[in-house]
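Here are my notes on this one, point by point. Have the viewer open while you read.

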There are 2 protein chains.
Amino acid sequence: MNSNGDGITQARETGTLGKLMVLLDLVTHADAPLRFTDILSLAGQPRGTLHRQLSHLVEEGLLELDGDGRYSPGLRLLDFAARSWARNEFRLIAEPHLAALQQATGETVHLGVLRGSSIIYLDKVEGRQSVRMYSQIGNASPCYCTGVGKAALSLLAPESLRGLVAGLSFTRFTASTHVSAETLLAEIREIADRGYAFDCEEHEAGIRCVAAPVWSEDRTFIGGISITGPAYRLSMELLREWAVPVQLAAERIMEGMRIRLGPRR
Amino acid sequence: MNSNGDGITQARETGTLGKLMVLLDLVTHADAPLRFTDILSLAGQPRGTLHRQLSHLVEEGLLELDGDGRYSPGLRLLDFAARSWARNEFRLIAEPHLAALQQATGETVHLGVLRGSSIIYLDKVEGRQSVRMYSQIGNASPCYCTGVGKAALSLLAPESLRGLVAGLSFTRFTASTHVSAETLLAEIREIADRGYAFDCEEHEAGIRCVAAPVWSEDRTFIGGISITGPAYRLSMELLREWAVPVQLAAERIMEGMRIRLGPRR
DNA sequence: ATTTTTGTTCCATTATTTGGAACTTAATTT
DNA sequence: AAATTAAGTTCCAAATAATGGAACAAAAAT
């Protein structure tokens, strides 16, 4: 029953916590608040069991139950996340370099890390603000159709890569989305050779990006940074030019991490 | 023991999930990554037990363990929170009204809800952007020293209010922070009468705000909106003037919720 | 008014968590 | 370098919590 949408869930689903997290995933990934019965059919568990599990999640503030008996994600999650984000060392170190890259190109810059088979966006720097915060930050996107994702994959050892790709279920988002392991693996090899990746409207029509891989020495972080923008403004030629500054920024971030984290180990 | 910093934790700490959440709280509320031994002393649990609990949290991506054996909040929390935020109905309805209020005054506008004895900020609209996102959103602040917090308290029934205030542990942030239940309750009564609240540098020196209460009909949300800014620019006189537009915006948000949520109940 | 659907509570059975102790590994001291 | 101490991990019988079927209650639909 592990209908695991996009592979953040890396855990086996045994253990009390594991079961509860499956439920939390279910509710947070839904498009609208779910009623008890909806969850019942999705989770495929006995009513009594499910009821108690949901009650526990509500008690802890991880879910909220409104007057109509509909379950939504709890706001306590926001508090946890705000702290998680504010203190993230990788993000703190990368921030100035992302800002510089944004200044230099005028386009939107992203920072993301690989978790399971998803990219979680850690930061986003935009030129013209006024865009909603949280708009992208925290969001999980598939690794096989994003610049940051493919850059991250290019860092994996052959076995890990094969294992990860084997577990992917491809969704076609646009005409150019990779939908087979073979073409994806071929492109990853190219990316590993040249050191940077493109996303040519593979995730969203009309959106392109160049991305460079970033990693920490202890491999806790495997991710990347990217410059993203509309296809009409970002020709492939321009993107190829920008590969240089993106790679440079990636270098500087990794240097920053060595300085900051190095001494302790 | 349950050294519960600021009262978001509303749950009893029994049950498997409850115990794990205490740990998650501990790690996310710390200022830096914690080592096993640090957590051991803070949590006061047997080593074997703690070790397994932490392992489970790491397996689920709620905590991360780096190469130096230090535990940090997990990035999976970001994914949960991003979804929780993106879909929050209250926030979606309030958004345009917050933006309008920001435009009208030129100052920063906040939206927050009461959870336990904390205010969780759901949204923030700033004039001059370039400020870091997540900067305030998701953060939990005490209810007794914020405009939104006091506005929210003014909505509670006498018994609930007394119960909540009795459980508060006051921290003096500035010279004007409320540090006794009596003076706080007195001010809450005033606020309930006039319909809006001030924060005169009670949480942060040099920062003032006016806030109006907002609530949903089913009382799922009890919170408020505020206009915040530096004391040198926001005289008390100006804040009193702004009480009107803030209350108006609050009215419109509540109207929006009735329209959006009403039909179904 | 009756039936059906939906949501909640109960409790013996089953599975998981607990915590002390033994064990391994890493860091510090002599 | 050996000895000592501290830090982290694994194990297993006992204690505790979760399970799931069924009975019960409340709301909708007929």
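1. Starting with strand D: the residues of the surface near it divide into two nonpolar, nine polar and four charged. Keep in mind that this is a predicted model. In total, 15 residues surround DNA strand D, and the closest are A:T49, A:R52, B:T37, B:R47 and B:H51.

2. Which elements build that surface? From chain A, α1 (16-29) and α3 each supply at least two residues, and so do α2 (36-43) and α3 of chain B. The largest share comes from α3(A), with five residues.

3. What part of strand D faces the protein, sugar and phosphate or bases? Of the strand D atoms within 4 Å of the protein, 64% belong to sugar or phosphate, and bases account for the rest. Some individual pairs to click on: a polar side-chain atom of A:T49 sits 3.2 Å from a base nitrogen of DNA strand D. On the backbone side, a polar side-chain atom of B:H51 is 2.9 Å from a phosphate oxygen of DNA strand D, and an N or O atom in the side chain of A:K19 is 3.5 Å from a phosphate oxygen of that strand.

4. Now strand C. Here 15 residues surround the DNA strand, with A:R35, A:T37, A:R47, B:T49 and B:R52 as the closest. By class, the surface near DNA strand C has two nonpolar, nine polar and four charged residues. As for elements, α2 (36-43) and α3 (47-59) of chain A and α1 (16-29) and α3 (47-59) of chain B each put in at least two residues. With five residues, α3(B) gives the most to the surface near DNA strand C.

5. The atom pairs at strand C deserve a look too. An N or O atom in the side chain of A:R47 is 2.4 Å from a base nitrogen of DNA strand C. A polar side-chain atom of B:T49 lies 3.1 Å from a base nitrogen of DNA strand C, while B:Q53 has a polar side-chain atom 3.3 Å from a phosphate oxygen of the strand. Sugar or phosphate makes up 63% of the DNA strand C atoms within 4 Å of the protein, and the rest belong to bases.

6. How do the two protein chains relate? Two copies of a chain are related by a rotation about an axis and a shift along it. In this model, a turn of 180 degrees and a shift of 0.0 Å along the axis lay chain B on chain A with an RMSD of 0.1 Å. That is the relation of a two-fold axis. The copies meet through the same surface, because 100% of the interface residues of chain B are also interface residues in chain A.

7. On to ring packing. The count of aromatic pairs over all chains comes to six. One of them joins A:Y196 and A:F198, an edge-to-face pair with 5.6 Å centre to centre and 85 degrees between the planes. A:Y196 and A:F198 are both buried.

8. Last, a backbone detail. A:E201 has a positive phi, near 55 degrees, in a residue other than glycine. A:E201 is in the loop between β7 (197-200) and β8 (207-215) of chain A, and counts as partly exposed at 23% relative accessibility. For B:E201, which is not a glycine, phi is also positive at about 55 degrees. B:E201 is found in the loop between β7 (197-200) and β8 (207-215) of chain B, and its relative accessible area is 23%, so B:E201 is partly exposed.

Key. Residues are numbered from 1 along each chain as its sequence is written. Chains are lettered from A and ligands numbered from 1 in the order in which they are written. This is a predicted model: local features need pLDDT of at least 70, side-chain atom pairs count only at pLDDT 80 or more; totals for chains, interfaces and linings use all residues. Side-chain values use heavy atoms; hydrogens and water are left out. Copies are superposed by least squares on the C-alpha atoms of residues with pLDDT of at least 70 in both. Contact means heavy atoms within 4.5 Å. A residue is near a molecule or strand if one of its heavy atoms lies within 4 Å of it. A polar contact is a pair of N or O atoms within 3.5 Å; within protein, one must be able to donate a hydrogen and the other to accept it, and residues adjacent in sequence count only if both atoms are side-chain atoms. Helices (H or I, at least four residues) and strands (E, at least two) are DSSP runs, numbered from the N terminus. Ala, Val, Leu, Ile, Met, Phe, Trp, Tyr, Cys and Pro count as nonpolar, Asp, Glu, Lys and Arg as charged, and the others, Gly among them, as polar. Rings of Phe, Tyr and Trp (its six-membered ring) pair if their centres lie within 6.5 Å; planes under 30 degrees apart count as stacked, over 60 as edge-to-face and the rest as tilted. Buried means under 20% relative accessible area, exposed over 50%, partly exposed in between (1.4 Å probe, protein chains only).
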